[in-house]
Amino acid sequence: IGHHVVIAETGIHISTASAYRALGRGFGSQAIKEPLEKKISRISAVFEKCDLSAFRETFKNDFEVPAFKEHPILRDIKEGFYKSGAVYSTMTGSGSAMIGLFDDLAKAENYSKSLEVKGMRIIQARFI
């Protein structure tokens, strides 16, 4: 509650179909790593604690691995979020917008300005 969200729209196009192919998870894939019940239990525990710092270990976007390999700027943005004080950062879906959650407005605004200088469209919001 009260966290600031920064979304950086990179303008990079990543085809959802190619993203799934890069993961080896095309149509009909059975590549599920964790049983659904276990995943739901783990995620519920994080939300019950309201501990955003636990998001880093709990919520992973598998699409980041191939996307970061093909577009290193995306990895740089994520690392920049963390270096700037974000408590969590991830790529949206199969890409390519990046999200950072901050508990400090000044830190969120500072990193937003640095991304705008690089020509990215920035959207800021606040959880209430």
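Let's start with the parts list: this chain is built from 6 helices and 4 strands. Keep in mind that you are looking at a predicted model. If you walk along the chain from the N terminus, the elements come in the order β-α-α-α-α-α-β-β-α-β.

Now step back and take in the whole chain. Along the principal axes, its C-alpha atoms fill a box of roughly 45 × 35 × 20 Å. For 128 residues, a compact globule would have a radius of gyration near 14 Å, and the chain's 16 Å agrees with that. Among the contacts with a separation of 6 or more, 66% join residues that are 24 or more positions apart. On the outside, the accessible surface comes to about 8100 Å², and carbon and sulfur atoms account for 56% of it. As for charge, there are 18 positive and 15 negative side chains, and the centres of these two sets lie 4 Å apart.

Let's go inside next. Buried residues make up 35% of the chain's 128 residues. The largest nonpolar core has 19 residues, and those touching the most other members are Leu74, Ile77, Phe81, Met91, Met98, Phe102 and Leu115. Which elements give two or more residues to this core? They are strand S1 (4-9), helix H4 (64-70), helix H5 (72-83), strand S3 (98-102) and helix H6 (105-117). Apart from this core lies another one, of 7 residues, which include Val5, Val46, Phe55 and Tyr88.

Met98 is a good residue to click on if you want to explore the larger core. Setting aside neighbours within four places in sequence, Met98 is in contact with Val6, Ile7, Ala8, Phe68, Leu74, Ile77, Lys78, Phe81, Thr90 and Met91. One name in that list, Lys78, deserves a visit of its own. You will find Lys78 in helix H5. Is this lysine buried or exposed? Its relative accessibility is 16%, and residues under 20% count as buried, so Lys78 is buried. Beyond the residues up to four places away in sequence, Lys78 touches Glu64, Phe68, Ser89, Thr90 and Met98.

Three more residues let you practise the same reasoning. His71 sits in the loop between H4 and H5. With a relative accessibility of 17%, His71 also counts as buried. Not counting residues up to four places away in sequence, His71 touches Ile12, His13 and Ile14. Cys50 is in a loop too, the one between helix H2 (36-49) and helix H3 (55-58). Here the relative accessible area is 65%, so Cys50 is exposed. The C-alpha atoms of Cys50 and Tyr88 are 13 Å apart, with their positions 38 residues apart along the chain. Glu109, in helix H6, falls between these cases: a relative accessible area of 32% makes Glu109 partly exposed. Its C-alpha atom is separated by 8.4 Å from that of Gln124, which is 15 residues away along the chain.

Finish with a look at the backbone. Most peptide bonds are trans. The bond from Gly95 to Ser96, however, is cis, with omega near 15 degrees. To find this spot, look at the loop between strand S2 (88-91) and S3, where Ser96 lies.

Conventions
Residues numbered from 1 in each chain as written. Predicted model: local features only at pLDDT ≥ 70, side-chain atom pairs only at ≥ 80, totals over all residues. Heavy atoms only, no water. Core = buried A, V, L, I, M, F, W, Y, C linked by side-chain atoms within 4.5 Å. Buried < 20%, exposed > 50% of the residue type's maximum accessible area, 1.4 Å probe, protein only. Contact = heavy atoms within 4.5 Å. Rg over C-alpha atoms; globule rule 2.2 N^0.38 Å. Areas by Shrake-Rupley, 256 points an atom, 1.4 Å probe, with all protein chains shown as cover. Lys, Arg positive; Asp, Glu negative; His and termini not counted. Charge placed at Lys NZ, Arg CZ, Asp CG, Glu CD.
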